[in-house]
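Here are some exercises to work through with a structure in front of you. Try each task yourself before you read the solution.

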Amino acid sequence: MFKYKNLVLLIMVWAASPVYSQFSLNGQYILRGEYRHGFNRPISQNDDPAQFLAHRARLQAQYQSERLHMFVSVQDIRTWGSTPQANTSDAFLSVYEAWGEYKFTPHLSAKLGRQELNYDGSRFLGSLDWFLQARSHDFALVKWEKDGRKLHVGAGYNQDGQTLANHDFFTPNQYKSALMARYESFNTPLQYSLLAWAETRQRLISAEGTLVTDGTHNRQTFGAPTLRYALGGNTEISGYYYHQLGQDVQRRSINAYNANLQLLQRIPLDSVSGSQLRLVAGAELISGTDQNTQSDKNHSYSLQYGTNHLFNGYMDLFYVGGAHENSVGLNDYYVKARYDINPRFFVQGDYHRFDANAQVVDATGADMQNNLGHEIDITAGYVLNPEFSVQAGYSHFFATDTWRRLHANLNMHDTQNWAYLMLIFRPGNPNKFIGPKL
């Protein structure tokens, strides 16, 4: 009897004491059906539209104590029907994140491992959440955070294997080494951040049908990724500016920029239902290189590691998956309107006018008009409950002759459009929708 009393007492003391560690499991499942008729690349008259279902299934486990935070995320990315029913193995399951973070003080920590780099609205560094595979980096971060100010300094060094001698780096679309420093101050009326990013890439060339290396080339990006100021309670002006220097893969010197300015107006409609209207007008200028000049300089800005689906129209015709890279750049003039009927239901409409930032020429070398086309995006989303939401969208692109010339596709279909329906299961995640933002 005495032993049982001691055991009960021990349990009571333990239950009354502070709990400093916990282990948790979570996950998400996203299913998206798409209709593609000009998505990412212009479609020709004789091509049929693509239609498919694809999913992301992600399992997340984490351990957290007073000083230590460990996180592992495993995901399965597949198109329905891409594997046989009686399947033994495939290459669709992978580790998305695997990192550990240790707090030295309440304000200073280090985070090591495969992790997302997601900053400043995801323009230059983003998690790529819209695309099912998303994006993570093998990186080391030292983080100082206090009173609305943050300083993150980090680095990554990549190889595609463990070798016994010096080894060139052949992993595609990846830097060999990178350095990052980012500072933000969000505790004043003018909120701002500053970024410096420097990277080295292996220079890969084709020699007699074989991919070989020829040294490295470097690129540096500096800027103010966040500039935001509240003009009043419901009016906000914001923007960003990036500048790139260094060398491209052809060893041309880089001098390029990306600038944005936009105005946001919130209009509360009903305080009881929570309905409001948000209006945005803005412009983004992404520098490009003239087609009518021969130069050893590259003025085409590279957007690199952002979630580019969130910008320049949802049909991803610009700066997604290599589209429009190292080209004439882009001037994107846009207006957007989002109606939040209530906190669970929204409808949004966007309009973009796309112009070339640099000169486009025709087959004779004569200058063409700079207008590339117009795009309309319509998106709607509804939260059924805290764990499940539905989102859908339709986009239509109206091409010009300059756009056709730029893609050397005079047989381009007159109708360029895209539509999707997405089911989002995200228990415990505050982001109930993926993609549309103001």
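**Exercise 1. A hairpin**

In which sense do strand S11 and strand S12 pair, and over how many bridges? Keep in mind that this is a predicted model.

*Solution.* Start by finding S11 at residues 235–247 and S12 at residues 253–270. The two strands pair in the antiparallel sense, over 13 bridges. Next, pick out one pair: Tyr241 has Ala259 in S12 as its bridge partner. Finally, look at the 5 residues between the strands of this hairpin, where Arg251 takes a positive phi near 65°.

**Exercise 2. Following Ala140 across strands**

Which residues stand opposite Ala140?

*Solution.* Step one: S5 (residues 108–115) runs antiparallel to S6, and 8 bridges join them. Here Leu112 stands opposite Ala140 in S6. Step two: S6 also pairs with S7 in the antiparallel sense, over 7 bridges. On this side, Ala140 stands opposite Ala155 in S7. Step three: visit the hairpin of S6 and S7, with 2 residues between the strands, and you will meet Asp147 with a positive phi near 50°.

**Exercise 3. Inside the core**

Which element gives the most residues to the largest nonpolar core?

*Solution.* First get to know the core: it has 52 residues, and those touching the most other members are Leu125, Phe139, Met180, Trp197, Phe318 and Leu372. Then check the elements that give two or more residues to this core, among them strand S8 (177–185), helix H2 (401–406) and strand S19 (416–425). S19 gives the most, with 4 residues. Now zoom in on Met180: beyond its neighbours within four places in sequence, its contacts include Leu125, Phe139, Val153 and Trp197.

**Exercise 4. Classifying Val153**

Is Val153 buried, partly exposed or exposed?

*Solution.* Locate Val153 in strand S7 (residues 149–157). Its relative accessibility is 41%. Buried means under 20% and exposed means over 50%, with partly exposed in between. Val153 therefore counts as partly exposed. Val153 also helps to make a nonpolar surface patch of about 480 Å², together with Tyr102, Phe104, Leu108, Val142 and Leu151.

**Exercise 5. Two loop residues**

Are Gln304 and Asn312 buried or exposed?

*Solution.* Begin with the place: Gln304 lies in the loop between strand S14 (297–298) and strand S15 (330–342), and Asn312 is in the loop between S14 and S15 too. Then read the phi values: Gln304 has a positive phi near 60°, and Asn312 has a positive phi near 60° as well. Most residues other than glycine have a negative phi. Last, compare with the cut-off of 20%: Gln304 is buried at 13%, and Asn312 is buried at 2%.

Conventions. Residues numbered from 1 in each chain as written. Predicted model: local features only at pLDDT ≥ 70, side-chain atom pairs only at ≥ 80, totals over all residues. Heavy atoms only, no water. Pairing = 2+ DSSP bridges. Patch = residues over 30% accessible without salt bridge, like charges linked within 9 Å, V, L, I, M, F, W, Y side chains within 5 Å. Areas by Shrake-Rupley, 256 points an atom, 1.4 Å probe, with all protein chains shown as cover. Salt bridge = Lys/Arg side-chain N within 4 Å of Asp/Glu carboxyl O. Buried < 20%, exposed > 50% of the residue type's maximum accessible area, 1.4 Å probe, protein only. Core = buried A, V, L, I, M, F, W, Y, C linked by side-chain atoms within 4.5 Å. Contact = heavy atoms within 4.5 Å.
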